[in-house]
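Trainee: I have just opened this structure and would like to learn how its labels are earned. Could we go through them together?
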Amino acid sequence: MTLYQLGEEYLRQAEDLHTLISGYSAQMKNLSGIRLYEMNSKITVLREMERDTRIIGKQLTSYYDISGEKRQYCRHRNIYE
């Protein structure tokens with residue numbers, strides 16, 4: 001599996017998480033009290049997971065992209081040496 005393929009898988013997982021969050025958000029309308037609090041906490045964690053997964057996916061899919069300003073594989077090198 002290449003880094004690009006792995007990044008694509010991360011992006012697919014981020015979309016799955018987004019779908020799951022949407023479903024849970026729709027259920028929140030029917031909840032109250034402690035159930036509402038628990039669902040809100042679950043959604044907050046899932047949103048953080050989605051964000052992190054999407055960031056990693058984008059970084060992996062563009063890792064070898066030389067057209068970008070910040071090339072991942074040589075960012076640590078000073079190009080003016």
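Mentor: Gladly! Let us begin with a cut-off: buried means under 20% relative accessible area, exposed means over 50%, and partly exposed is in between. Keep in mind that this is a predicted model.

Trainee: Why is E15 called partly exposed?

Mentor: E15 has 40% relative accessibility. Partly exposed covers values between 20% and 50%, so E15 counts as partly exposed.

Trainee: And why does E50 count as buried?

Mentor: E50, which is found in helix α2 (residues 34-61), has a relative accessibility of 12%. The limit for buried is under 20%, so E50 counts as buried.

Trainee: What does E50 touch, leaving aside residues up to four places away in sequence?

Mentor: E50 touches A14, L17, H18 and I21. With H18 there is also a polar contact between the side chains, at 3.3 Å.

Trainee: What makes E15 and R54 a salt bridge?

Mentor: Their closest N and O atoms are 3.1 Å apart. A salt bridge needs a side-chain nitrogen of Lys or Arg within 4 Å of a carboxyl oxygen of Asp or Glu, so E15 and R54 qualify. E15 lies in helix α1 and R54 in helix α2, so this pair ties together parts that are 39 residues apart in sequence.

Trainee: Which residues are joined into one network by salt bridges that share partners?

Mentor: The side chains of R54 and E50 also meet in a salt bridge (2.9 Å, N to O). Through shared partners, E15, E50 and R54 are joined into one network. A search of the whole structure finds four salt bridges; one of them pairs R12 with E9, at 2.9 Å from N to O.

Trainee: How do you know that the rings of Y63 and Y64 are edge-to-face?

Mentor: A pair of aromatic rings is described by the distance of the centres and the angle of the planes. For Y63 and Y64, the centres are 4.8 Å apart and the planes stand at 85°. Pairing requires centres within 6.5 Å, and edge-to-face requires planes over 60 degrees apart, so the pair is edge-to-face. The structure holds one aromatic pair.

Trainee: Is Y64 buried or exposed?

Mentor: Y64 has 57% relative accessibility. Exposed means over 50%, so Y64 counts as exposed. Y63, with a relative accessible area of 26%, is partly exposed.

Trainee: How many helices and strands does the protein have?

Mentor: The protein has two helices and zero strands. Buried residues make up 15% of its 81 residues.

Key: Residues numbered from 1 in each chain as written. Predicted model: local features only at pLDDT ≥ 70, side-chain atom pairs only at ≥ 80, totals over all residues. Heavy atoms only, no water. Helix = DSSP H or I, 4+ residues; strand = E, 2+ residues; numbered from the N terminus. Buried < 20%, exposed > 50% of the residue type's maximum accessible area, 1.4 Å probe, protein only. Polar contact = N/O pair within 3.5 Å; in protein donor to acceptor, adjacent residues only side chain to side chain. Contact = heavy atoms within 4.5 Å. Phe/Tyr/Trp six-rings, centres within 6.5 Å; stacked < 30°, edge-to-face > 60°.
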